[in-house]
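User: I am new to this structure and would like a close look at its core. Please walk me through that part, then show me how other places compare with it.

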Amino acid sequence: MKKSFRESKSCDILVKVLFLVLVAIIWEITAKAHVFGERSEIVFPTIEAIGAAFVRNFTKGYAGTGLALYTLNSMNLLLRGLLIGIGLAFAFSGLSMISRTFSNVYNLCVTIFDLLPGVALLPVVIVIFGVKPGVIVFLVVHSVIWPMSRSVLDGFKAAPKIYVEAGKNLGLNGPGLLFGVYVPAAAAYIVSGLKVGWARAWRGLIAAEMVFGIASCPGIGLYINQMRTNMKNAEMYATLIVIIIIGLVVQYGILNPIEKMTVRRWGMVSAA
Amino acid sequence: MDEAGPGTAAGDVDAADKPVVLEVSHLTKIFDDSQIPGADGMGNRVIVDLSLQVRKNDFLCILGPSGCGKTTLLRCIGGFENFEGKIRINGIERRTPGTDRIMVFQDYNQLFPWKTVEKNIQYGLKLKGIRDKEELRRLSDHALETVGLSGYQKYYPHQLSGGMKQRVAIAKALALKPEIILMDEPFAALDAITRNTLQQELLRISADQDWDCTIIFITHNIQEAIVLGTRIMVMEKGGTIAVNEKNPIRRPVTPASEGYGAYWNKLHAALYRA
Ligand SMILES: Nc1ncnc2c1ncn2[C@@H]1O[C@H](COP(=O)(O)OP(=O)(O)OP(=O)(O)O)[C@@H](O)[C@H]1O
Ligand SMILES: [Mg+2]
């Protein structure tokens, strides 16, 4: 049976593209109509202006440094934080499977710290450690470790008993059972943990850079702030677009393929 | 049912020359029921003082009313439950799971969904120390061929039907060459036709000297027990053994086999008295 166009994938994409075009048209009309009078050029720069600013961001940048370098700095800190955070989440969640005491304490920590926005924690960290790039890494770790741990712990807990017993039957024990059965059985939870963790980390990073932008290690958040203080609003909007693009690239270029190669391929139901 | 049936005496004679693979002695399993409202808190005495021997190449079919403790007995043998008493494999005491006793569960979602059919079979072999890729492939191919699934090596379990998954689970068990294969109603969730086919295949495999299997097979189905078993056991509530004897009907068993009707009636009576 042939599916009608309305139900097809191309139709879904078309709808999304049309919506974006519509938004762009409305934006452009608003910009051209000078709805905000004097301030219109600042609040609603035209798409051409934003496009030009986009290019300028990378060619000229701010004070001789292009946006690419700012972005690279941010990604560098982000990547380090993500790796440490994910690694720690696995290590601590694994320990929780071995020791009941540790599990109790760690579950409590996850519940408490998950409620604490990283930016709120930042002043305390700065008081203790001073203003260093490491502080941003710390914040990224904080943003990713708790949601990731929650997912991994839930995933371990939800691992079907029959897989665990099948694993034990093959002689698996301790770490072997953890990595051989619990981790793959929790794949759906781990993937959803990665998605949540990444999103939190990305937002946390930008927030921290905006609030405590470090001139010695300038990142995207700092750049936006510099554009604002210099009244370069088109540049500001263009930077927002860069942030969105990076988010999309990670979502569609990394996270979705991971999901496709694991959970989907294995026919496992995705965790909520 | 303590008096020996006509087939029992003869059966014990020709089985006696085979070594005892599994010896269960004075097995008692009490489940904690202190958390269950309404229970007396004395524990649910599911199996009390059960003793049982299984010899090499036996195909022991266990029948029994629902809740009498068949699964519990098998899980104790598999090492998945704590128990009192002793369970020995070839004379060595066992209390925890191991590859000498491979369980084929009733639930056909027992294969690891993250591994292909082939990798599911090879995983246990790898853990046993077989590293050579060619050797692994040869072993898994042979096991798959035995259960009629050649060509499905690269499939993921979710791409197979229930019956095919059970075949893979059996292939996985065979490939590991355990001392004993423990099957808990592996065909119960299948339709009648698939079930029949799988019965015939299992019968063929169990009689194949190459595989040299010893099997305990739990079922609710009297016909299945008579068709498959070389020995038949009926369990009563409380884990008492009501019948444990050689299957008197000569293979291949069909409902037209001599004595089938009478034996079916005897087991039926034992089951419903139990
Ligand atoms: N994990 C458990 N905790 C407490 N009681 C249990 C547990 N597992 C089984 N039981 C009890 O043990 C008894 C026997 O259960 P079992 O599953 O061994 O029966 P069965 O003979 O396999 O039944 P069926 O034919 O329906 O599969 C039941 O009364 C059940 O309530
Ligand atoms: Mg059962």
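Analyst: Here is a tour that starts in the core and then moves to other places.

This is a predicted model, in which local features need pLDDT of at least 70, side-chain atom pairs count only at pLDDT 80 or more, and totals for chains, interfaces and linings use all residues. Residues are numbered from 1 along each chain as its sequence is written, chains are lettered from A and ligands numbered from 1 in the order in which they are written, and side-chain values use heavy atoms, with hydrogens and water left out.

Start with the core. A nonpolar core is a set of buried Ala, Val, Leu, Ile, Met, Phe, Trp, Tyr and Cys residues joined through side-chain atoms within 4.5 Å. Buried means under 20% relative accessible area, exposed means over 50%, and partly exposed lies in between (1.4 Å probe, protein chains only). The largest such core has 149 residues. Among those with the most contacts inside it are Trp202(A), Leu22(B), Leu27(B) and Leu73(B). Helix α7 of chain A, residues 133-158, gives the largest share, 13 residues. Helices here are DSSP runs (H or I, at least four residues), numbered from the N terminus. In soluble globular proteins, nonpolar side chains tend to be buried together.

Now zoom in on Leu27(B). Contact means heavy atoms within 4.5 Å. Leaving aside neighbours within four places in sequence, Leu27(B) is in contact with residues including Ile47(B), Leu73(B), Cys76(B) and Phe83(B).

Thr72(B) sits in helix α2 of chain B, residues 70-78. Thr72(B) counts as buried, at 12% relative accessibility. Not counting residues up to four places away in sequence, Thr72(B) touches Lys29(B), Phe31(B), Val46(B) and Ile47(B). Ile47(B) is also one of the contacts of Leu27(B).

What of the cysteines? Cys76(B) is buried, with a relative accessible area of 0%. Cys68(B) is buried too, at 0%. A disulfide is a pair of cysteine sulfur atoms within 2.5 Å. The sulfur of Cys76(B) has its closest cysteine sulfur in Cys68(B), 13 Å away, so the two are too far apart for a bond. A search of the whole structure finds zero disulfides over all chains.

Thr146(B) is in helix α4 of chain B, residues 133-146. Thr146(B) is buried, with a relative accessible area of 10%. Beyond four places in sequence, Thr146(B) touches Leu174(B), Arg204(B), Ile205(B) and Trp211(B).

Turn to chain A. Helix α11, residues 220-229, has eight of its 10 residues buried, so this helix is largely enclosed by the rest of the structure. Among the buried ones are Leu222(A), Tyr223(A), Ile224(A) and Met227(A). The buried residues of α11(A) pack against α3 (47-59), α4 (67-98), α10 (187-211) and α12 (233-264) of chain A. After α11(A) comes Met231(A), with a positive phi near 60 degrees.

Finally, look at exposed places. Ile29(A) lies in helix α1 of chain A, residues 9-32. Ile29(A) is exposed, with a relative accessible area of 55%. Glu41(A) belongs to helix α2 of chain A, residues 40-43. Glu41(A) is exposed as well, at 59%. From Glu41(A) to Ala186(A), the C-alpha to C-alpha distance is 51 Å, with their positions 145 residues apart in sequence.

Definitions and conventions: Helices (H or I, at least four residues) and strands (E, at least two) are DSSP runs, numbered from the N terminus.
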